[in-house]
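This report introduces one protein structure to a reader who has not met it before. The sequence and the structure are displayed first.

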Amino acid sequence: MLSACTTSHLISMTRMCLRTTKARSQLMSKIRSRGNKETEMRLLALLRKAGISGWRRHQALIGKPDFTFRSARVVVFVDGCFWHACPRCFKPPKTNRKYWNAKIARNIRRDRTVTQALRSSGWRVVRIWSHQLSKPAAIMARLSKTLEL
Ligand SMILES: [Zn+2]
């Protein structure tokens, strides 16, 4: 049986650990939203530069697409290479693997569900990896084709 002292020590260790996990996840979600915002703004700038209009941001659709072209029935997501496990860039983190694997696996599952749900309601779904933003011409060619411009 554990002594009172050990038990209270264990409880305080557990609390500390939980606090750290919570703080970490809050921090990461801040980083994540900032990351999303930044890539979104980069695509926005590219769309403006290419003179592509007719989009709205953050429409109330499943998965909250980054850009929605209502009349063309096209939605666009910019997926962060880390958060969505890009096959080209993703490197599993060295620490807290279990935590990250679970989190990223959840994101991948959600991406699939969202894409399928949108497709079955008649949307065409374009997913762009954030690393692809460095090759704007390729993205714009793809978008123009999908939007039939
Ligand atoms: Zn990537």
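The text below describes the overall fold, the nonpolar core and three individual positions.

## Overall fold

The structure is a predicted model. Three helices and four strands make up the secondary structure of the protein chain. Taken in sequence order, these elements follow the pattern α-β-β-β-α-β-α. The protein chain holds 149 residues, of which 15% are buried. When contacts between residues at least 6 apart in sequence are considered, 57% of them join residues at least 24 apart.

## The nonpolar core

The largest nonpolar core consists of 15 residues. Phe67, Val74, Val75, Val76, Val126 and Ile128 are the residues with the most contacts inside this core. Two or more core residues are given by each of strand 2 (67-69), strand 3 (74-79), strand 4 (124-129) and helix 3 (136-147). Strand 3 supplies the largest share, five residues.

Phe67 also illustrates how parts of the chain meet. Leaving aside residues up to four places away in sequence, Phe67 touches Leu43, Trp55, Arg57 and Val76. Of these partners, Val76 is itself listed among the residues with the most contacts inside the core.

## Three individual positions

The table gathers the exposure of three residues that lie outside the helices and strands.

| Residue | Location | C-beta neighbours within 10 Å | Exposure |
|---|---|---|---|
| Ala85 | loop between strand 3 and helix 2 | 19 neighbours | partly exposed |
| Gly122 | loop between helix 2 and strand 4 | 7 neighbours | exposed |
| Glu148 | segment after helix 3 | 7 neighbours | exposed |

Ala85 counts as partly exposed because it has 19 C-beta neighbours inside 10 Å, while a buried residue needs 20 or more. The backbone of Ala85 has a positive phi of about 55°, although this residue is not a glycine.

Glu148 also has a positive phi, near 55°, and is likewise a residue other than glycine. Glu148 is exposed because 7 other C-beta atoms lie within 10 Å, and the limit for exposed residues is 12 or fewer.

Gly122 lies in the loop that links helix 2 (97-120) to strand 4. With 7 C-beta neighbours inside 10 Å, Gly122 is therefore counted as exposed. Gly122 and Arg73 are 49 residues apart along the chain, and their C-alpha atoms are separated by 7.1 Å.

Notes:
Residues are numbered from 1 along each chain as its sequence is written. This is a predicted model: local features need pLDDT of at least 70, side-chain atom pairs count only at pLDDT 80 or more; totals for chains, interfaces and linings use all residues. A nonpolar core is a set of buried Ala, Val, Leu, Ile, Met, Phe, Trp, Tyr and Cys residues joined through C-beta atoms within 7 Å. Two residues are in contact if their C-beta atoms, placed from the backbone, lie within 7 Å.
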